[in-house]
Amino acid sequence: MFGLGKKDLSLFLIVVGLALFAPFLLNPFPTGSSLAQFNAGYPDLMQRFVIFGIFAIGFNLLFGLTGYLSFGHAAFLGMGSYAAVWMFKLLSMNVIPAILLSMVVAGLFAVVIGYVSLRRSGIYFSILTLAFAQMSYNLAYSVLTPITNGETGLQITLNDPRIFGVSATADGGIPVTNLFGLEMRSATTLDIAGWSFSFSAGYYLCAIMMILAFYLAIRIFRSPFGLMLRAIKSNQHRLNYTGLNARPYTLAVFVISGMYAGLAGGLLASMDPLAGPERMQWTASGEVVLMTILGGAGTLIGPVLGAGFIKYFENIFSKINDGVLHSWFAFLPDGIENLVVGLIHPFVGKGWHLTLGLMFMLVVIFLPGGLVEGGQRIGRLMRRRKKPAQDPRKPSPNPAE
Amino acid sequence: MGILEVKDVNKRFGGLKALSEVNLSVRENSVHAIIGPNGAGKSTLLNCLVGKLIPDTGSVLFDGQSVLGRKPFEINQMGISRVFQTPEIFGDLTVMENMMIPLFARRDGSFRLHAIRSVRAERALVERAEQMLTDVKMIDKRSMHAASMSRGDKRRLEMAMCLVQEPRLLLLDEPTAGMARADTNNTIDLLKEIKESRNITMAIIEHDMHVVFSLADRITVLAQGTPLVEDTPANIKGHPKVREAYLGEHA
């Protein structure tokens, strides 16, 4: 079905299921309970999950398949956001032209940046892409202020022309982003026995985009083009002597990957119509590298998992402050309570980066294949537990002596 | 006139004259060996044939067209495939995937954005790859990771990857270098099989006399960058100049 193999199809259906039922899955705790703060099922965060999922899927096409580590991918995300906001300013608040233009703009820049950067490989390629991204960031921050509005960031205002829309709504407010009239921020809330689930139009637009992006990624992975990309990672020398020119292949995937980033940027702006230079900063580029490696570079689902993981930490762990910790450990005697809170304190709240860093180290050292490898190991362990006697290669636990 | 014509090729590295006035002609459907002691210029000559080096003067014509200044992938697209001293394969991919890449290269050229249809859907090419793997007795290893195979199998796979492209000229750079005796004999048998079962033109650079004499139709002996003689294996064995320059060490 859908031209996918059996394994890929089930993986695809799992992702579709996760994306469509995320409002339920991410809200496992009743609203009133003390664990409710671990719920991630609110539209803002869910949107970020899938948008950064798209970003990481695209990054993984480049890095996971060819091994070319771009350290400047956030530049394309930022360009996508700026392009989208300009469409909101000039054309209309409909998200379709904004998303299309964000992909086109990111793609065009990717052609230029890729053409130059791909002349080198390895660390030199990474440095070139980093240089381009930092140039873009600094230009957006200062020189290009008329286009990017500098430090403040580009926003929509009441004075924008919006030739196919309205500059201001009837009551004098700034119009909101929509899909042919369906407002992106509109949401319905479903209350069931203490749980509260929220379904937002914006989230579902992003989720559908992510599903499409994931589907295309599977097709690319399994295509002759994807095979060539993996061959480039494996042995470029042999590839050249087999009659294939690596350059156009790497450039093509660089542009595709840049367009994924542009799409993510366009969606970010469609959910919240503003764009600032910090989206292009090197930390943002580093984040997508972390997501991909944490989830499992070169695997299909890894980047999506990695993106969800990091965004969850960023938004949930960072909210655990000392007050919350004290309320958790209130049952302990005062002295011990303060000690425990003091010990946990550096790892949560503003210190969530420390936890993330430690987890990243553990994953890279013990699970080089990322979370996906972790899942596979657990799966293998379970299967071995189920039928221990059937494997003749395994020595029996109590050898006869 | 041969399919590969090397004319008056000179190549200098600083003060060292690596090749001087090399003339060579490889005839179609024959096995031509180039032998010589270490430092005779064998590898330099080979690198001039595949686009890795450009000679200072002279010409290299393949089927009447110059190969000089062309990139390795362009030369492969002209119909020259190359086997390396240490097997160059795609270690991270399976044996079958290794076989598909040269087939795509032959059908689609040096680049084609073929991103939607799955590799498995290419039935015709899959069948050809399977046929070739059967021919080289590797079909049972089709889903193996190429890097995990023995050196002999890697050599076999590399050979199969070149042959499946149906090259008009197959270049082999010391195909048995560093191999154990058993692997060397296997490789010789494989090459003999290939020679007998297909009309193929091969040029072999080799150090090992055993390999050369059992395979080649014609042999060129290089010494100090110049061809000493070119003749049949039988005549080369008895040639006094060759004995002096090369076999003398062993005889």
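## Two domains in chain B

Domain bounds here come from an automatic or database domain assignment. By that assignment, chain B splits into domain 1 (1–79 + 167–251) and domain 2 (94–165). Their C-alpha centres lie 27 Å apart. Before going further, a word on what you're looking at: this is a predicted model, where local features need pLDDT of at least 70, side-chain atom pairs count only at pLDDT 80 or more, and totals for chains, interfaces and linings use all residues. Residues are numbered from 1 along each chain as its sequence is written, while chains are lettered from A and ligands numbered from 1 in the order in which they are written.

Now for how the two domains touch. Two residues are in contact if their C-beta atoms, placed from the backbone, lie within 7 Å. Eleven residues from domain 1 of chain B and eleven residues from domain 2 of chain B take part in the contact. On the domain 1 side, the elements that give two or more residues are helix 2 (72–78) and helix 6 (181–197) of chain B. Helix 6 of chain B gives the most to that side, with five residues. (Helices are DSSP runs of H or I with at least four residues, strands are runs of E with at least two, and both are numbered from the N terminus.) By type, the domain 1 side has seven nonpolar, three polar and one charged residue. For that sorting, Ala, Val, Leu, Ile, Met, Phe, Trp, Tyr, Cys and Pro count as nonpolar, Asp, Glu, Lys and Arg as charged, and the others, Gly among them, as polar.

## The six-stranded sheet

Chain B has an open sheet of six strands in the order 6-7-8-3-9-10, with mixed pairing. Two strands pair if DSSP finds at least two bridges between them. The edges are strand 6 (80–83) and strand 10 of chain B, each of which pairs on one side only. Neighbouring strands in this sheet are turned by 20° against each other on average, direction ignored. Those angles use axes that are lines fitted to C-alpha atoms (for helices, over the stretch in contact), and they run from 0 to 180 degrees between N-to-C directions. At the strand 6 edge, four bridges tie strand 6 of chain B to strand 7 (residues 169–173) of chain B in parallel, and B:Arg82 has B:Leu171 as its bridge partner in strand 7.

Strand 9 (residues 218–223) of chain B is a good one to click on: five of its six residues are buried. Buried means that 20 or more other C-beta atoms lie within 10 Å of a residue's own, exposed means 12 or fewer, and partly exposed is in between, with C-beta atoms placed from the backbone. Strand 9 of chain B runs parallel to strand 3 (residues 31–35) of chain B, with four bridges joining them. With strand 10 (residues 226–231) of chain B, strand 9 pairs in the antiparallel sense over five bridges. B:Val221 of strand 9 stands opposite B:Ile35, and its bridge partner in strand 10 is B:Val229. Strands 9 and 10 of chain B form a hairpin with two residues between them, and B:Gln224 in the turn has a positive phi of about 50°.

## Odd backbone spots

Most residues other than glycine have a negative phi. B:Glu21 is not a glycine, yet has a positive phi of about 50°. B:Glu21 sits in strand 2 (residues 16–26) of chain B, and counts as partly exposed because it has 14 C-beta neighbours inside 10 Å.

B:Lys137, also not a glycine, has a positive phi of about 60°. Look for B:Lys137 in the loop between helix 4 (123–135) and helix 5 (151–163) of chain B. With 13 C-beta neighbours inside 10 Å, B:Lys137 counts as partly exposed.

## Where chain A meets chain B

On the chain A side, 25 residues are in contact with 28 residues of chain B. The elements of chain A that give two or more residues are helix 8 (201–222), helix 9 (224–234), helix 10 (236–240) and helix 11 (246–271). Helix 9 of chain A gives the most, with eight residues. The chain A side divides into eleven nonpolar, nine polar and five charged residues.

## How far to trust chain A

Chain A has a mean pLDDT (the predictor's confidence in each residue, from 0 to 100) of 90, and 96% of its residues reach 70 or more. Over residues 390–401 of chain A, though, the pLDDT is below 50, and this stretch has zero contacts in the model beyond near neighbours in sequence. Where pLDDT is low, the predicted coordinates should not be read in detail.
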